[in-house]
Amino acid sequence: MPEYNPNAIEKKWQKIWDEDKTFHSEIDHDKEKFYGLVEFPYPSGQGLHVGHPRPYTALDVVSRKRRLEGYNVLYPMGWDAFGLPTENYAIKNKIHPAIVTENNIKNFKAQLKSIGFSFDWDREVNTTDPDYYKWSQWIFIQLYIHGLAYKNEMSVNWCPSCQVGLANEEVVDGKCERCGTEVVHKMKNQWMLKITEYADRLIDDLDDVDYEDRIKAQQINWIGRSKGANVNFAIKDSNYKLTIYTTRPDTIFGVSYMVISPEHPALDEFKEKITNFDEVVSYQEEARKKSDFERAELNKDKTGVMLEGITAINPLSGKEIPIWVSDYVLMSYGTGAIMAVPAHDSRDFEFAKKFDMPIVQVYETEGEAELPLTDINKGRAINSEFLNGLEVADAKQKAIEFIEENNLGEATTNFKLRDWVFSRQRYWGEPIPMIYCEEHGWNPVDESELPIKLPEVETYEPTATGESPLSEIEKFVTTTCPVCGGPAKRETDTMPQWAGSSWYYLRYMDPHNTEAIASEEALDYYSPIDWYNGGMEHTTLHLLYSRFWHKFLYDMGVVPTKEPYQKRTSHGMILGEDHQKMSKSRGNVVNPDDIIRDYGADTLRTYEMFIGDFGSTAIWSDEGVRGCRKYLERVYNMIELVEDGDDYSKDLEIAIHQTIKKVSEDYENLKFNTAIASLMSLSNDMRSLGKITKADFKTYIILLNPVAPHLTEELWELAGFEGKLNEAAWPTFDEKKLVLDEFEMPVQINGKMRGKVIMAMDASEDDAVEAAKSDNNISSHLENKEIRKVIYVPGKILNIVVA
Ligand code: ANZ
């Protein structure tokens, strides 16, 4: 028997799979489909790192298992290839981003192939391919036609280093997600997508899908639906009503002042009346320098200016209260004005403490109250006139009823979610297919002109003005108006990185279609994605964006399901041996190519699945890699123990049935580590027995196949099993064989052990006594005696009392 040589075995089988198109899927109405999806990579210059194979192997295991279970499996792969790093690399090295992308893809693809994933490579997609982005542009036009894309002069998060506008989701702790530079605000005319119109459905429809709880919770939080009321406070001696948004209208008797945002229009309205307006103006200037993130920070020192010359009236209590300007109130949320309830809101409390405002408690507590009392969901209202004595829910309801009946405001819902800033002033993205004409404003290009291709350019540097590099290309910019045919200009902004990934899963269903995103037949057959695994970091970005686009396409009648993904799971990150995130600068990056070269792809796959709980962070360990390699060597050598015949131990039979059950369930529940542990334990049992029947070996190979496909294919061939492994049937277990069904029953006569007989676990008392009588040794003790009493414990013991 030659030694286990993974490099030779793996190349051999990868070639066979390629040539046979083993993992190619076509519509087959006689077969149930399974569509497994993993997030396609951004083909960066760094190549694959060991983080990539973790999710890819996981769904590869599930996909391979499903094939053996008879499903028609679609497991595709492609490239999310537009984006800044490629563009930046191209600028630095003076190579066209398209060429950089092509090279990176070549490298990534070779790496993925060397791991032996069962991707259907005939369905590969590339978001930078004009045949692909034609449809990204088409979807944009449909959004525009349906009023969901609009251009707006707005303050955007601007990264001064990347010179690009960022969506809220791309700003982390007030910094650019990519380069870490502090984000500033800049007014810009931007294309916006009305994701807010789908906010309710993006929350409510989560009830119909099977997502991990943490994923649902993050999406719900991010969308941030808050139910409350808009309440109008009159400004004394004027007709002006200051409308505030509150989630706690029941605390209105605890209001001791109001706060408006520095950008609030009331300031301009009352600039004559406000006697300290100079102070207000300089405060406004200070506020402009801060990001929303900084302003909203909880623990920061509160600042503000009290408006002199105007006051407001609490519409419920009739009390006159001061109005302040403070930057902790954001113009972008609710109405940009609040009623301050310092006793029960911590920001208001800090502010009131600092500026010595009255604090009025409106919910009671047991014993000594420590203010602010923000957890007021239990007590009863106090100091609140007609609300006194009510519990929170009732008090809220009564307050809102009162407010609405007396025309003081109305119940309303607010969302934290903002419309999606969809313009980027960069080169390497999909051109936004819009045309501007002085007379007819913005119009989409005629659909027959799609795709609007990126023009060839000399330089891709962002311009100093913050305009896209496309704006400097006359040939591209100059066009004619689709309405009047007169001179017009093309939009020069491009789409954000997230555009292509918002619908790529649809394209896999029918990737070469020139007439539509995908054919109706393909969409009907393959929708929805049965299982989508991806990173937690994409929960509030890609996952939300693509659900939004999908719902829009559903409303248009383009796709057949409300939701794109039936099931969503997430994996944990893999950290370096030093417990740090792998990065070039730390020098702790593990390259999968090296692991494959030194140990083989099956070892890499096995280790990635064995490394620990799939949903949690895991620490890389070379020692662990070697352990997996040793295990696979042992499996390889098991073939020498295979014998004809079917005499096996009862214990082993049980172990096999238990392992089938465990592995089948664990693979489905992403518990790969425990599945592999039980396969390791079964191989130990088999080896210590010293022989394995052909049938048991076959079962073993099939169970391990999804994790170590090359090795198991090779063993299948070496063992001479009929047919192909990838067409074999997934083993099933027998409930009855999960536990011993027979046992050695000790037989006692008058308290003395007289022998043992093999008995079925569930044998009756009569059968047990009969068995004892027919045993030669035992029966001699029963001869000529009268049985007085029988004590029988099934599965344990038989006790006979004779005289
Ligand atoms: C009175 C009150 C009393 C409030 C209380 C809270 C607790 P969520 O739940 O996040 O929607 N608020 C409203 N608009 C604001 C803005 N533009 N900037 C900063 N804060 C704003 O938060 C809603 C609450 O946040 C509102 O309810 C309001 O304070 C504040 F015991 O009103 B509340």
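## Exposure of Lys-584

A residue counts as exposed if 12 or fewer other C-beta atoms lie within 10 Å of its own, and as buried if there are 20 or more. In this predicted model, Lys-584 has 9 C-beta neighbours inside 10 Å, so Lys-584 counts as exposed. Lys-584 sits in the loop that joins β25 (574–575) to α17 (592–599). An unreviewed UniProt entry carries the annotation "binding site" for Lys-584.

## Overall dimensions

The chain has 803 residues, and 42% of them count as buried. Its secondary structure comprises 25 helices and 32 strands. Taken along the principal axes, the box filled by the C-alpha atoms is roughly 120 × 75 × 50 Å.

## Ligand shell

Which residues come nearest to the ligand? They are Ser-226, Thr-246, Tyr-333, Gly-334 and His-344, out of 17 residues around the ligand. Two elements, β12 (241–246) and β16 (337–340), each give two or more residues to this shell.

Sorted by class, the shell around the ligand holds eight polar, seven nonpolar and two charged residues.

## Lys-271

A second lysine in a loop is Lys-271, placed between α8 (265–269) and α9 (277–288). Lys-271 has 11 C-beta neighbours inside 10 Å and therefore counts as exposed, since the cut-off for that class is 12 or fewer. Along the chain, Lys-271 and Glu-124 are 147 residues apart. The separation between the C-alpha atoms of these two residues is 62 Å.

## Helices α18 and α19

Helix α18 covers residues 601–610 and helix α19 covers residues 622–637. Their axes come within 9 Å of each other and cross at roughly 120°. Because angles of 65 to 115 degrees count as roughly perpendicular and those over 145 as roughly antiparallel, this crossing makes α18 oblique to α19. The crossing of α18 past α19 is right-handed.

## Helix α22

Is helix α22 enclosed or open? Nine of the 11 residues of α22 (residues 694–704) are buried, so this helix is largely enclosed by the rest of the structure. The buried residues of α22 include the charged residues Asp-696 and Lys-698. The others on the buried list are Phe-697, Thr-699, Tyr-700, Ile-701, Ile-702, Leu-703 and Leu-704.

An α-helix has 3.6 residues a turn, so residues three or four places apart point the same way. In α22, the buried residues run through consecutive positions from Asp-696 to Leu-704.

Conventions:
Residues are numbered from 1 along each chain as its sequence is written. This is a predicted model: local features need pLDDT of at least 70, side-chain atom pairs count only at pLDDT 80 or more; totals for chains, interfaces and linings use all residues. A residue is near a molecule or strand if its C-beta atom, placed from the backbone, lies within 6 Å of it. Helices (H or I, at least four residues) and strands (E, at least two) are DSSP runs, numbered from the N terminus. UniProt positions are given in the numbering used here, feature names are shortened, and annotations may be inferred rather than shown by experiment. Axes are lines fitted to C-alpha atoms, for helices over the stretch in contact, and angles run from 0 to 180 degrees between N-to-C directions. Angles under 35 degrees count as roughly parallel, over 145 as roughly antiparallel, 65 to 115 as roughly perpendicular and the rest as oblique. A crossing is left-handed if the near helix is turned anticlockwise from the far one by less than a right angle, and right-handed if clockwise.
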